[in-house]
Amino acid sequence: NNNNNNNNADLNFKPSLTQCTILKESDHSSSGDGGMATTTTTTKVALVPWSGRRHQLRIHMALLGLVIVGDQTYDETQRRSSRQRMCLHAHKLKFPLPKTKKGLKNANKEEEADYLNLEAPDPF
């Protein structure tokens, strides 16, 4: 009889990798309850997911203690917030295009013509 069950033994974790680069940190002061001043630090980051797991970016940031602003799933304090949306935005996206005769001929080379590249301005 083994009473020392490991709760994680039944979980099937899949590997995931996220590159995180800190771009900017800002302090914001506000009046809290009772007129006490509070300071909150906001950190702007660039994230590159090298794998594609569900909620990967949100989970990795929460594990680092940098919960995404407005993420009511991974931060208890956000559940009481009046923020209506999460501040997670794609800046660049790259999609492989279906292989054409030209693409098959150059299958060993990664060329710009074989990908759809989308880029949006930084909203922050």
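Here is a walk through the structure, from its overall layout to its pockets and a few individual residues.

Keep in mind as you look around that this is a predicted model. The protein chain has 124 residues, and 10% of them count as buried. Its secondary structure comes to two helices and four strands. If you start at the N terminus and read along, the elements come in the order β-β-α-β-α-β. As for how the chain meets itself, take the contacts between residues at least 6 apart in sequence: 35% of those join residues at least 24 apart.

Let's begin with the opening pair of strands. β1 covers 18–31 and β2 covers 37–49. A handy place to see how they sit relative to each other is D27, which belongs to strand β1. Set aside residues up to four places away in sequence, and D27 touches T39, T40 and T41. The C-alpha atoms of D27 and T39 are 6.4 Å apart, although 12 residues separate the two along the chain. Is D27 buried or exposed? D27 counts as exposed because its relative accessibility is 58%, and the cut-off for that class is over 50%.

Now look from the other strand. T40 is part of strand β2, and its contacts, leaving out neighbours within four places in sequence, are S26, D27 and H28. T40 and S29 lie 11 residues apart along the chain, with 6.4 Å between their C-alpha atoms. With a relative accessibility of 44%, T40 falls between the limits of 20% and 50%, so it counts as partly exposed.

Next comes the helix α1, spanning 56–63. Which of its residues are buried? They are Q56, L57, R58 and M61. Some helix background is useful here: an α-helix has 3.6 residues a turn, so residues three or four places apart point the same way. The cover over the buried residues of α1 includes β1 and β2, the two strands we just visited. Just after α1, G65 takes a positive phi of about 85°.

On to the empty spaces. Rolling a probe the size of a water molecule over the atoms shows where such space is left. The largest pocket has a volume of about 1,700 Å³. Its lining takes in 40 residues, and those nearest the centre are T43, K44, V45, C87 and L88. Which elements each supply at least two residues of that lining? They are β1, β2, α1 and β3, the last of these being 92–96. β2 gives the most, with 10 residues. By chemistry, the lining divides into 21 nonpolar residues, 11 polar and eight charged.

The second largest pocket has a volume of about 170 Å³. It is lined by 10 residues, and F13, K14, S16, R53 and I59 are the closest to its centre. Three residues of this lining are nonpolar, four are polar and three are charged.

Finally, a look at the rings. How many aromatic pairs does the structure hold? The count is zero. There is a charge over a ring to look at, though: K94 lies over the face of Y115, at 4.5 Å from the ring centre.

Technical notes
Residues are numbered from 1 along each chain as its sequence is written. This is a predicted model: local features need pLDDT of at least 70, side-chain atom pairs count only at pLDDT 80 or more; totals for chains, interfaces and linings use all residues. Side-chain values use heavy atoms; hydrogens and water are left out. Rings of Phe, Tyr and Trp (its six-membered ring) pair if their centres lie within 6.5 Å; planes under 30 degrees apart count as stacked, over 60 as edge-to-face and the rest as tilted. A charge sits over a ring if NZ of Lys or CZ of Arg is within 6 Å of the ring centre and within 35 degrees of the ring normal. On a 1 Å grid over the protein atoms alone, a cavity is a set of points where a 1.4 Å probe fits but cannot get out, and a pocket is an open set with protein on both sides within 12 Å along at least five of seven lines; lining residues have an atom within 4 Å of a point. Grid points are joined across faces, edges and corners, and a volume is the space filled by probe spheres set on the points. Ala, Val, Leu, Ile, Met, Phe, Trp, Tyr, Cys and Pro count as nonpolar, Asp, Glu, Lys and Arg as charged, and the others, Gly among them, as polar. Buried means under 20% relative accessible area, exposed over 50%, partly exposed in between (1.4 Å probe, protein chains only). Contact means heavy atoms within 4.5 Å.
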